[in-house]
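Hi,

Here is the structure I promised to pass on. My notes follow below it.

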Amino acid sequence: MLDGVRRLGVAVSGGADSMALLRVLMALREELAVNLAVVHVNHGLRGEASDADEAFVRQEADRLGIEAYTHRIPPDCAPAAGIELWAREQRSGYFARLMAQGIVDRIATGHTQRDQAETVLFRLLRGAGPLGLSGIAPISARGIVRPLLSASREEVLCFLEAEGVRWREDASNADSRFARNRLRNQWMPALRAEWNPQ
């Protein structure tokens, strides 16, 4: 996953998964022989809360002695519809620019088992073929790596609690107007309860 990588960008939103990823990589950076840089995108979609996330991430990077790269998007740039896809494209574009400029060799994201399950189910419901149903790759052709892809949400939260790591909750994750949130907050719990807890 990190062959030939000397400078690794860590995508940190301030949420639980990304904060766990940052701490795990901090603990392993000497063994892995990589220098870390925090990467954060402020989409400006939640006003003061978005700015507070950015400030939190910057403070954490400063506290850990890691360089931070942040990208701020004016809030009036967001489209009226398709915000989730737009936000994902903004992040991907920024990550690609950092790698193209040689600032980082790869970017690590905090995707976990839950993200994998949601992605496969989401694509299934939208009618994806075999390639789409293969889910999230641990290593992408674009230079994105996902070290926590085999970790459960419970493992992430237990790790954060044991290490005394703070994180921020994004209130928009509970907004049922977004299809992915409905899948995460309503359908996935029902499937776990009625079909398969795994």
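A term to start with: buried means under 20% relative accessible area, exposed over 50%, and partly exposed in between (1.4 Å probe, protein chains only). This is a predicted model, where local features need pLDDT of at least 70, side-chain atom pairs count only at pLDDT 80 or more, and totals for chains, interfaces and linings use all residues. Residues are numbered from 1 along each chain as its sequence is written, and side-chain values use heavy atoms, leaving out hydrogens and water.

Leu-191 is partly exposed, at 32% relative accessible area. Leu-191 sits in helix H7, residues 179–194 (helices are DSSP runs, H or I, of at least four residues, and strands are E runs of at least two, numbered from the N terminus).

Now the interior. The largest nonpolar core (buried Ala, Val, Leu, Ile, Met, Phe, Trp, Tyr and Cys joined through side-chain atoms within 4.5 Å) has 27 residues, and Leu-8, Leu-22 and Leu-36 have the most contacts inside it. Strands S1 (7–11) and S2 (35–42) and helices H1 (16–32), H2 (48–64) and H6 (153–163) each give two or more residues to this core. H1 gives the most, with 7 residues. Another core of 15 residues lies apart from it, with Val-39 and Phe-95 among them.

Finally, the sheet: 5 strands form an open sheet in the order S3-S2-S1-S4-S5, with parallel pairing (two strands pair if DSSP finds at least two bridges between them). S3 (67–72) and S5 (144–145) are at the edges with a single partner strand each, so one side of each has no neighbour in the sheet. S1 and S2 run parallel and are joined by 5 bridges; Gly-9 has Ala-37 in S2 as its bridge partner.

Best wishes
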